Amino acid sequence: MNPDDRKYTREHEWVVSEAGADTVLVGITHYAQDQLGDVVYVELPAVGDAVGYLAKMGEIESVKAVSDLFSPVSGRVTEVNGRLAQEPELVNNDPFGDGWMLRVSMSNPAELDSLLDAASYEEYIGQL
């Protein structure tokens, strides 16, 4: 269910490296969107903002709750998925594709080594 090409946080965000760059895409997992229910609003940092490793980077609101979003890496936001402003349901419909949230230029790529791989993340959510 969770793609093998990504790393995961225990807070249910994912990160995937883009070829040949210290740039990554960030989003939330299928498990997270499933637990939230229908997403109605996503608040994200702006292009140029700094994000910190496992620090709050925004909020996501669903019909059930408002939850914090946490950055899986430190760096600077280079792109925000503008479609989410008008189509927040993309997070539910395609959390690993069109529902991505941020593109980040990492300041410390070694942080990826401390995140969970897909198998470890599956094991983690199986215990929740």
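**Ile28 and the core**

I started at Ile28 in this predicted model. Skipping neighbours within four places in sequence, I found Ile28 in contact with His12, Glu13, Trp14, Gln33, Leu36, Ile60, Leu69, Val91, Pro95 and Met101. I then looked up the largest nonpolar core, and it has 23 residues. Ile28 is among those with the most contacts inside this core, along with Val42, Ile60, Val91 and Met101. Next I asked which elements each supply at least two residues of it. My list reads β3 (23–28), α1 (30–36), β4 (39–43), β6 (56–62), α3 (90–93) and β9 (102–106). There is also a second, separate core of 11 residues, and I noted Tyr8, Trp14, Tyr121 and Ile125 among its members. Trp14 caught my eye there, as I already had Trp14 down as a contact of Ile28.

**Overall fold**

I stepped back to the whole chain. I get four helices and nine strands for the protein. Going along the sequence, I wrote the order down as β-β-β-α-β-β-β-β-β-α-α-β-α. The radius of gyration is 13 Å, close to the 14 Å from the globule rule for 128 residues, so I have the protein down as being as compact as a globular protein of that length. For the C-alpha trace I noted a span of about 35 × 35 × 25 Å along the principal axes.

I also checked burial, and 45% of the 128 residues count as buried. Then I looked at contacts between residues at least 6 apart in sequence: 62% of them join residues at least 24 apart.

**Surface and charge**

How much area does the protein expose? I have about 6300 Å², with carbon and sulfur atoms supplying 46% of it. For charge I noted 8 positive and 23 negative side chains. The centres of those two sets lie 2 Å apart.

**Two positive phi values**

I went looking for backbone oddities. Most residues other than glycine have a negative phi. His12 is not a glycine, yet I read a positive phi of about 80° for it. I placed His12 in the loop between β1 (7–8) and β2 (13–17). Is His12 buried or exposed? With 14% relative accessibility, His12 counts as buried, because the cut-off for buried is under 20%. His12 is also one of the contacts I listed for Ile28.

Leu54 was my other entry here, with a positive phi of about 60° although Leu54 is not a glycine either. I found Leu54 in the loop between β5 (50–51) and β6. At 34% relative accessibility, Leu54 counts as partly exposed.

**Ala19**

I looked up Ala19 and found this residue in the loop between β2 and β3. Ala19 is exposed, with a relative accessible area of 81%. I also took the C-alpha distance from Ala19 to Ala65: 35 Å, with the two positions 46 residues apart along the chain.

**Val77**

My last stop was Val77, in strand β8 (residues 75–80). Val77 counts as buried, at 1% relative accessibility. What does Val77 touch, not counting residues up to four places away in sequence? I wrote down Pro45, Ala46, Val47, Gly48, Asp49, Val51, Leu102, Arg103 and Val104. Of these, I can place Val51 in β5 (50–51), and Leu102, Arg103 and Val104 in β9 (102–106). For a distance, I checked Val77 against Ser114: the C-alpha atoms are 21 Å apart, and the residues are 37 apart along the chain.

Note on methods: Residues numbered from 1 in each chain as written. Predicted model: local features only at pLDDT ≥ 70, side-chain atom pairs only at ≥ 80, totals over all residues. Heavy atoms only, no water. Rg over C-alpha atoms; globule rule 2.2 N^0.38 Å. Buried < 20%, exposed > 50% of the residue type's maximum accessible area, 1.4 Å probe, protein only. Contact = heavy atoms within 4.5 Å. Areas by Shrake-Rupley, 256 points an atom, 1.4 Å probe, with all protein chains shown as cover. Lys, Arg positive; Asp, Glu negative; His and termini not counted. Charge placed at Lys NZ, Arg CZ, Asp CG, Glu CD. Core = buried A, V, L, I, M, F, W, Y, C linked by side-chain atoms within 4.5 Å.
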